[in-house]
Amino acid sequence: MVKRVNANVRTSGAKEQNKDNMAISAKGLRLLLVGLVVIVSGFILMAGGKSDSPDVFNWEMFNFTRMVAAPVLIIAGIVIEIVAIMRRPSGKRSE
């Protein structure tokens, strides 16, 4: 008979090692979620402003919220996403 090596013993060390070398840290994941919330809030602020009647022009679509605040929020969310992806985890250095 051939003795079988327990596969769980060999892979458990690899799983622990992979947990330490995750591509993104918990703080980075939180930053990704914050960036997503900021982007979605920018799109929500940009929504609306349509006219009730197609014959009447509505100037509400050119207000400050839709023209300035919402795009700034969307760009800020994208910057937060880039920072969350590119930042190096703080306590560990790759060698």
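**Helix α2, its buried face and the loop that follows**

The buried residues of helix α2 (buried meaning under 20% relative accessible area, exposed over 50% and partly exposed in between, with a 1.4 Å probe and protein chains only) are Gly28, Gly35, Val38, Ile39 and Gly42. Viewed down the axis of α2, these buried residues fall within an arc of 95°, taken from the directions from the helix axis to the C-beta atoms, so they line one face of the helix. The model is a predicted one, in which local features need pLDDT of at least 70 and side-chain atom pairs count only at pLDDT 80 or more, while totals for chains, interfaces and linings use all residues. Residues are numbered from 1 along each chain as its sequence is written, and side-chain values use heavy atoms, with hydrogens and water left out.

The buried residues of α2 pack against α3 (64-86), contact being heavy atoms within 4.5 Å, whereas Arg30, Leu33, Val37 and Ile44, on the other side of α2, are exposed. Helices are DSSP runs of H or I with at least four residues, numbered from the N terminus. Just after α2, Gly48 takes a positive phi of about 95°.

Phe62, which lies in the loop between α2 and α3, is partly exposed, with a relative accessible area of 43%. The structure holds one salt bridge, defined as a side-chain nitrogen of Lys or Arg within 4 Å of a carboxyl oxygen of Asp or Glu, and in a salt bridge the side chains of Arg66 and Glu60 meet at 3.8 Å, N to O. Arg66 is buried, with a relative accessible area of 16%, whereas Glu60 is partly exposed at 39%.

How values were computed
Helix = DSSP H or I, 4+ residues; strand = E, 2+ residues; numbered from the N terminus.
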